[in-house]
Amino acid sequence: MTYALTDSPLGPLMLVEVDDKLAGVYMDRHRHRPPMETFGVRDDSVLPAVAEQLAEYFEHGRTTFDVPLHLAGSPFQQRVWTALQDIPYGETATYGELARTLGLVPGASRAVGLANGKNPISIIVPCHRVVGSTGSLTGYGGGLERKQALLDHERGQKVLIG
């Protein structure tokens, strides 16, 4: 396992690599980020395609990502994270809609929200596109200000952080 740092309009992003696959995209002060010592050594030469695709995304030139992913989590978390990738660029879904898409029982939106919050690959696995039942912004590992900035970005607005 190694990691690289890349710049973004949201601040530095930590890209974590496992077996030549992307295993994490973390922002500074990211909730649920594993301890730094678990990421191995820093090597900014790893994952150049990920850094390039993120730069293209922030320049409004990319709406989907094409990098190999290493999604480590429970089978349920992996189902949720896979479903997140089906939410189109510039659109949102509620936790309840995501639960229904997964064929879950009514009331499973809380479990979906917990899995969504543990998504290790922010931006690329677009957990920022999931909102509350009224369309309100709810928790985001990188902070609500960044979630709003990502949604604004995907609606064609400039990303402004702090």
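**A mixed sheet, its hairpin and two helices**

Let me begin with strand β1, residues 2–6, which is joined to β4 by 2 bridges, the two strands running parallel. One of the contacts between these strands can be named, since T2 has V41 as its bridge partner in β4. Before going further, I should say that what we are looking at is a predicted model.

As a reminder for those who work mostly at the bench, strands of a sheet pair through backbone hydrogen bonds, and this can happen in either the parallel or the antiparallel sense. Here the pairing is mixed, in an open sheet of 4 strands whose order is β3-β2-β1-β4. The edges are taken by β3 and by β4, residues 41–42, and because each of them has a single partner strand, one side of each is left without a neighbour in the sheet. Being at the edge does not leave β3 uncovered, however, for 6 of its 7 residues are buried. Helix α1, residues 48–58, lies across β1, β2 and β3, and runs at about 145° to β2.

Now to the other end of the sheet order, where β2 and β3 pair in the antiparallel sense over 6 bridges, with E17 standing opposite L22 in β3. These two strands form a hairpin with 2 residues between them. What is unusual about the backbone there? Most residues other than glycine have a negative phi. D19, in the loop between β2 (13–18) and β3 (21–27), has a positive phi of about 50° although it is not a glycine. D20, in the loop between β2 and β3 as well, also has a positive phi, of about 65°, and is not a glycine either. As for the surroundings of this pair, D19 is exposed, with a relative accessible area of 64%, and D20 is exposed too, at 66%.

Let me finish with helix α4, residues 109–117, and ask which of its residues are buried. They are V112, A115 and N116. Seen down the axis of α4, these buried residues fall within an arc of 100°, so they line one face of the helix. That buried set packs against α2 (75–84), α3 (95–101) and β6 (130–131). On the face of α4 turned away from the buried side, by contrast, we find the exposed residues R110 and L114.

How values were computed
Residues are numbered from 1 along each chain as its sequence is written. This is a predicted model: local features need pLDDT of at least 70, side-chain atom pairs count only at pLDDT 80 or more; totals for chains, interfaces and linings use all residues. Side-chain values use heavy atoms; hydrogens and water are left out. Buried means under 20% relative accessible area, exposed over 50%, partly exposed in between (1.4 Å probe, protein chains only). The arc is that of the directions from the helix axis to the C-beta atoms. Contact means heavy atoms within 4.5 Å. Two strands pair if DSSP finds at least two bridges between them. Axes are lines fitted to C-alpha atoms, for helices over the stretch in contact, and angles run from 0 to 180 degrees between N-to-C directions.
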